[in-house]
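Work through the exercises below with the model open beside you. Try each task before reading its solution.

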Amino acid sequence: MKKMLCLLSVLLLFNCENDDNLNNCNFLIDVGVNFTVNTNLPQFSQLMFPNSPVLIEGQGNLGIYVINTGGNYRAFDAADPNHIPEACSFMQRDGLEVTCGCPDENKYLLATGTSIDQQLPCSLQEYRVTESGANLVITN
């Protein structure tokens with residue numbers, strides 16, 4: 001019994017790392033999202049065309065980017081998932097790329113949610129998009 005307890009203690013000791021939660025991708029708050037986008041409305045009409053993202057403010061952590069990829073719709077949080085949410089972690093859009101305003105300037109591709117230029121532990125936080133006619137229901 002003592003050997004088993006000793007072995008278990010050693011295993012636990014080596015499994016604990018002080019990575020400041022970086023690899024856990026848990027900087028963003030799990031905000032409840034349930035928002036309907038009507039693509040017939042002028043502010044969302046560009047979603048009828050591929051590769052024309054729209055920012056929906058007031059949803060998610062720092063807003064939500066919605067994009068028509070040509071085959072389906074995707075929605076991503078506008079906060080950099082590799083930072084604690086703060087003013088600089090808002091992702092500014094430039095075409096199909098978004099860039100964090102913090103000094104590291106993390107970049108991501110909106111079509112996939114993956115990082116550009118460097119491999120980062122976390123991809124953009126994605127939300128579920130369900131199509132219903134001209135409506136897109138964005139939830140988590």
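**Exercise 1: Elements**

Task: give the order of the elements from the N terminus on.

Solution. From the N terminus on, the chain reads α-β-β-β-β-β-β-β-β-β-β. That is 1 helix and 10 strands. Helices (H or I, at least four residues) and strands (E, at least two) are DSSP runs, numbered from the N terminus. This is a predicted model: local features need pLDDT of at least 70, side-chain atom pairs count only at pLDDT 80 or more, and totals for chains, interfaces and linings use all residues. Residues are numbered from 1 along each chain as its sequence is written, and side-chain values use heavy atoms, with hydrogens and water left out.

**Exercise 2: The open sheet**

Task: find the strand order and the edges of the open sheet.

Solution. Start with the order: 6 strands run E1-E10-E9-E4-E3-E2, with antiparallel pairing. Two strands pair if DSSP finds at least two bridges between them. Next, the edges: E1 (34–38) and E2 (54–56) each have a single partner strand, so one side of each lacks a neighbour in the sheet. From one strand to the next, the twist averages 25°.

Now zoom in on one pair. E2 joins E3 (residues 64–68) in the antiparallel sense over 3 bridges. Leucine 55 has tyrosine 65 in E3 as its bridge partner.

**Exercise 3: Burial and contacts**

Task: what share of the 140 residues is buried, and what share of the contacts joins residues at least 24 apart?

Solution. Buried residues (under 20% relative accessible area, 1.4 Å probe, protein chains only) make up 34% of the 140. For contacts (heavy atoms within 4.5 Å), take those between residues at least 6 apart in sequence: 46% join residues at least 24 apart.

Conventions:
Buried means under 20% relative accessible area, exposed over 50%, partly exposed in between (1.4 Å probe, protein chains only). Axes are lines fitted to C-alpha atoms, for helices over the stretch in contact, and angles run from 0 to 180 degrees between N-to-C directions.
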